[in-house]
Amino acid sequence: NVPFLATTYEENEMLWKAAAPKVNAQLADLNLVSLYTCPWPGQGFYFKKEVGSSKDTQGIKFRSYNTATATFAEELGMVPVQVEAAELSQALATGVAEAFISSGSTGYDRKVWEHLTHYYKVNAWLPRNSVIVNKGVWDGLADDVKAGVQKAADETGAACSAKSAELAGWYFEQLEANGMKVEDAGPE
């Protein structure tokens, strides 16, 4: 996931189509076959206060879970704190973390409106889930069976992408319905 390289579902799909041959070649080297992928809703910033620019993020404790999110925190003057997903709600409740980046689904599932007030849509990346199978088993299937499975996988992948896009908006509506302010992030 390269932040801000593909910030819409359409761009994400184009990026996946460009990357798929190389990804699939690497998967084949691991004895795997990708049946389909599906994007998650875009990642945005959660804060417990209004943020108009990076001046407003100085010193905020930002939940990081990898190098990319720690870099986000540092570049915006925040303090990265390592918090695993299972510990997010507790970290917000106790002040260990005051902000984080994730999709609307995470905010909804974790009821972050109990601790935070603002969500800023930036679509930093739209990570993809993959459904993969063992290449040896796949290669052992009859051609008509493989064709049927691949047809179902293609249909499922398309339906999953459409549902992800639909749910992205629904999650924002739910965050707002529970008192959060949801808006596009400004250029700063």
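Q: Which residue forms a salt bridge with Lys-135, and how far apart are the closest N and O atoms?

A: In this predicted model, the partner of Lys-135 is Asp-139, and the closest N and O atoms of the salt bridge are 2.7 Å apart. Both residues belong to helix H5, which covers residues 135-139, and they are four residues apart, about one turn of the helix. The general idea behind this spacing is that an α-helix has 3.6 residues a turn, so residues three or four places apart point the same way.

Q: Are Lys-135 and Asp-139 buried or exposed?

A: Each falls between these two classes when a residue under 20% counts as buried and one over 50% as exposed. Lys-135 has a relative accessibility of 25% and is therefore partly exposed. Asp-139, at 41%, is likewise counted as partly exposed.

Q: How many salt bridges does the structure hold?

A: There are six salt bridges in the structure. Among them is the pair of Lys-151 and Glu-155, with 2.6 Å between the closest N and O atoms. These two residues lie in helix H6, four residues apart, which is about one turn of the helix. Glu-155 is partly exposed, at a relative accessible area of 45%. Another salt bridge links Lys-181 to Glu-183, where the closest N and O atoms are 3.5 Å apart. Here Lys-181 is partly exposed at 41%, and Glu-183 is partly exposed at 25%.

Q: What span should helix H6 have, and how far apart are its end C-alpha atoms?

A: The span of a helix can be estimated from 1.5 Å a residue, so the 35 residues of H6, residues 143-177, should cover 51 Å. The end C-alpha atoms of H6 are 50 Å apart, in agreement with that estimate. The buried residues of H6 include Lys-146, Ala-153, Gly-157, Ser-161, Tyr-171 and Leu-175. After H6 comes Gly-179, which has a positive phi near 100°.

Q: What span should helix H1 have, and where in H1 does a kink lie?

A: The 21 residues of H1, residues 9-29, should span 30 Å, and the end C-alpha atoms are 29 Å apart, which agrees. The kink, of about 45°, lies at Ala-19, shortly before the proline Pro-21. Asn-12, Trp-16, Ala-20 and Leu-27 are buried in H1. The buried residues of this helix pack against strand S1 and against strand S7, residues 128-134. Just after H1, Asn-31 has a positive phi of about 65°.

Q: Which cysteines does a disulfide join?

A: In general terms, a disulfide is a covalent bond between the sulfur atoms of two cysteines. The structure holds one disulfide, and it joins Cys-38 to Cys-160 with an S to S distance of 1.9 Å. The angle about the S-S bond is -90°, and the link of Cys-38 and Cys-160 is left-handed. Cys-38 lies in strand S1, residues 32-39, and Cys-160 in helix H6, so the disulfide ties together parts that are 122 residues apart in sequence. Cys-38 is buried, with a relative accessible area of 6%, whereas Cys-160, at 27%, is partly exposed.

Q: Which residues of the largest nonpolar core touch the most other members?

A: In soluble globular proteins, nonpolar side chains tend to be buried together. Here the largest nonpolar core has 16 residues, of which Tyr-46, Leu-175 and Met-180 touch the most other members. Helix H3, residues 88-94, and helix H6 each supply at least two residues of this core. H3 gives the most, with three residues. A second, separate core has 14 residues, including Phe-45, Val-51, Ile-101 and Ala-124.

Q: Which residues does Met-180 touch, beyond those up to four places away in sequence?

A: Contacts of this kind show which parts of the chain come together. With residues up to four places away left out, those touched by Met-180 include Tyr-46, Val-112, Trp-113, Leu-116 and Leu-175. Leu-116 is placed in the loop between helix H4, residues 104-109, and strand S6, residues 118-121. At 3% relative accessibility, Leu-116 counts as buried. Leu-116 and Met-180 are 64 residues apart along the chain, and their C-alpha atoms are separated by 7.4 Å. On the same basis of counting, Leu-116 also touches Tyr-46, Phe-47, Lys-48, Leu-92, Glu-98 and Phe-100.

Conventions: Residues are numbered from 1 along each chain as its sequence is written. This is a predicted model: local features need pLDDT of at least 70, side-chain atom pairs count only at pLDDT 80 or more; totals for chains, interfaces and linings use all residues. Side-chain values use heavy atoms; hydrogens and water are left out. The expected span of a helix is 1.5 Å times one less than its number of residues. Buried means under 20% relative accessible area, exposed over 50%, partly exposed in between (1.4 Å probe, protein chains only). A nonpolar core is a set of buried Ala, Val, Leu, Ile, Met, Phe, Trp, Tyr and Cys residues joined through side-chain atoms within 4.5 Å. Contact means heavy atoms within 4.5 Å. A disulfide is a pair of cysteine sulfur atoms within 2.5 Å. The bend at a residue is the angle between axes fitted to the seven residues ending there and the seven starting there. A salt bridge is a side-chain nitrogen of Lys or Arg within 4 Å of a carboxyl oxygen of Asp or Glu.
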